[in-house]
Amino acid sequence: MSWGTELWDQFDNLDKHTQWGIDFLERYAKFVKERLDIEQNYAKQLRSLAKKYCPKRSKDEEPRFTSCLSFYSILNELNDYAGQREVVAEEMAHRVYGELLRYSQDLKAERKHHLQEGRKAQQYLDQCWKQMDSSKKKFERECREAEKSQATYERLDNDINATKSEVEKAKGQFYLRTHMADESKNEYAAQLQNFNAEQWKHFNNAIPHIFTNLQDMDQRRTVKLGESYRSFAEAERRVIPIISKCLEGMVSAAKSVDDRRDSSIVIESFKSGFDPPSDFPFEDFSQNLNRTGSDGTISSTPKGERDRDGAPGPRLDPKHLTGRTKNKLWLFGKKPKAPSLEDFSHLPPEQRRKRLLHRVDELQRELQKETDQRDALNKMKDVYEKNPQMGDPSSLQPRISETICNMEKLRSEIHRNETWLSEVEGKQSSRGDRRHSADNHHPAPQGRESPEGSYTDDPGQEQRAPPPQRRPAAGPAPDEFDDEFDEDDPLPVIGHCKALYSFDGQNDGTLAMAEDEVLYIIEEDKGDGWTRARKQSGEEGYVPTSYVEITMEKNSKGAVTYI
């Protein structure tokens, strides 16, 4: 059905309808704009959220737990998901919103053109009607004047008193009016014919053509809206496969959480490599007491657990068991200051071994880079020697020499770290053998184990001095001891230790001790390889943790025993 044939008389209504159609299109464009703004804000908030919870530490400091890694994977997938929301917003902005704005402007211009043509056609028809109506009124007026002149002529012609001149004059006037009426009649007929022709053209050609153009414009607007609806949905549907992959990635990350793996990582991260403490020997302080038969007392000193020389052990001084409790534990207080040594001797054996392995791997990679660079420079030098026009071979010699020097330094550094690593692995294997022997109740050899993990069968040649690499040469920083000793109240006793080796304590803040001497523990090892102890005389200082055998009190919260 055509607007031109069915709605030939509805020009004003079609004007209103086409305007409503453009307004509706612009309203939908505004809806799309608000929708893509929501997508953009949503994507921006998702990216900010993912960035907020992403780790800000270096990769070496990031947790290796599967639960943490899975969460970071979920954050990465969420970031990718946010990127897809941005894609949706961009598609809506360019393919829907932008197209609708441009099409709306084109529709407005086209509608204005068609309506102007319709108004011009209507104005021309109105002009033709006015001309026809004017000629009609003139014809009507001339006819009335002719009728009047005819009546006057007939009245004078029948009047016997009228003169001949009056009759002739009336007759001439009658003929003139009749002639003018005939001319007006002819003009009116011509104008009427012209108006009817123009009116037919107007309602059968001009208006149908204009209305058909308006109908085509409105139909194209409707089709464009349908395409926009489809594009709006397609923008969302195109990213569904990628969004599905993001969600599948999140599910895979959730499935990769492994509680056993996390537990093993905790063990690897905090395992010290030390042996558990051995049984604390019974020390009989009643050997010098004179007992009588009437006492009825029986010595409860287990045989074999007395001191080797029979001398009484040191008596516990009750005053050292009192004092204000201070928060010195790492877990519940501030992290202690510990000197960072190049050989990592301040760390427990297992942690030291891992750090040394990591450093050796890094040095090996650097050495490989320097080796590759040296080989490349040598090849370039050979090319220059064969083709002097390409460059001077001697200009590469300084760089080659520098690279070789760097390689030698790296090899030396690798050798030094491998030496420390061999030392640590040797100690760990020795401790493992000793622990296995003790667990199976095998008798230990006559010679005592040295800190190096070696045994000697000759007691006279037994070496009790610790290895120089294991023992921190400088000891703890003196200012740390000053800060610790400038306290008014003495630290409480949290355990006991027995010296396995003698220690001279020459550095400031250290405490000298003799072999087999029993000391009070007032501050445990905080990971730096030093334990704070107190003698019976009240003298305090730090002793190497590896030199003593420690037993912590049962009521000492958070205590950790090192050997």
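**Figure 1. The hairpin of strand 2 and strand 3, in a predicted model.** Let us start at the turn: 6 residues lie between the two strands of this hairpin, and G527 takes a positive phi near 100° there. Strand 2 covers residues 518–523, runs antiparallel to strand 3 and is joined to it by 3 bridges. If you want a pair to pick out, I521 stands opposite A533 in strand 3.

**Figure 2. The hairpin of strand 3 and strand 4.** Here 5 residues separate the strands, and G538 takes a positive phi near 100°. Strand 4 (residues 540–544) is antiparallel to strand 3, with 5 bridges joining them. R534 is a handy landmark in this view, since opposite R534 stands E540 in strand 4.

**Figure 3. Strand 3, residue by residue.** How many of the residues of strand 3 are buried? The count is 5 of the 5 residues (530–534), so strand 3 is largely enclosed by the rest of the structure. W530, R532 and R534 point one way from the strand, while T531 and A533 point the other way. Both sets are buried, the two arginines R532 and R534 included.

**Figure 4. D516, a residue with a positive phi.** D516 sits in the loop between strand 1 (495–499) and strand 2. Its phi is positive, about 70°, although D516 is not a glycine. For context, most residues other than glycine have a negative phi. Is D516 buried or partly exposed? With a relative accessibility of 25%, D516 counts as partly exposed, given that buried means under 20%.

**Figure 5. Helix 5 and its two sides.** Helix 5 holds 16 residues, 240–255. At 1.5 Å a residue it should span 22 Å, and the end C-alpha atoms are indeed 22 Å apart, so expectation and model agree. I243, C246, G249, M250 and A253 are the buried residues to look for. Seen down the helix axis, the buried residues fall within an arc of 110°, so they line one face of helix 5. What covers them includes helix 3 (66–158). On the other side, K245, E248 and K255 are exposed.

**Figure 6. The largest nonpolar core.** This core has 32 residues, and those with the most contacts inside it are Y28, V32, M92, L100, F211 and L214. Helix 2 (11–53), helix 3, helix 4 (164–237) and helix 5 each supply at least two of its residues. Which helix gives the largest share? That is helix 3, with 11 residues. For a close look at one member, try V32: leaving aside neighbours within four places in sequence, V32 is in contact with M92, V96, Y97, L100 and F232. A second, separate core of 18 residues includes I494, L511, L519 and I521. As a general backdrop, nonpolar side chains tend to be buried together in soluble globular proteins.

**Figure 7. The views above in the setting of the whole protein.** The protein has 9 helices and 5 strands. Read along the sequence, the pattern is α-α-α-α-α-α-α-α-α-β-β-β-β-β. Of its 563 residues, 36% count as buried. Among contacts with a separation of 6 or more, 72% are between residues 24 or more positions apart. The protein exposes about 35,300 Å², and carbon and sulfur atoms supply 51% of that area.

Key: Residues numbered from 1 in each chain as written. Predicted model: local features only at pLDDT ≥ 70, side-chain atom pairs only at ≥ 80, totals over all residues. Heavy atoms only, no water. Helix = DSSP H or I, 4+ residues; strand = E, 2+ residues; numbered from the N terminus. Expected span 1.5 Å × (residues − 1). Buried < 20%, exposed > 50% of the residue type's maximum accessible area, 1.4 Å probe, protein only. Arc of directions from axis to C-beta. Contact = heavy atoms within 4.5 Å. Core = buried A, V, L, I, M, F, W, Y, C linked by side-chain atoms within 4.5 Å. Areas by Shrake-Rupley, 256 points an atom, 1.4 Å probe, with all protein chains shown as cover. Pairing = 2+ DSSP bridges.
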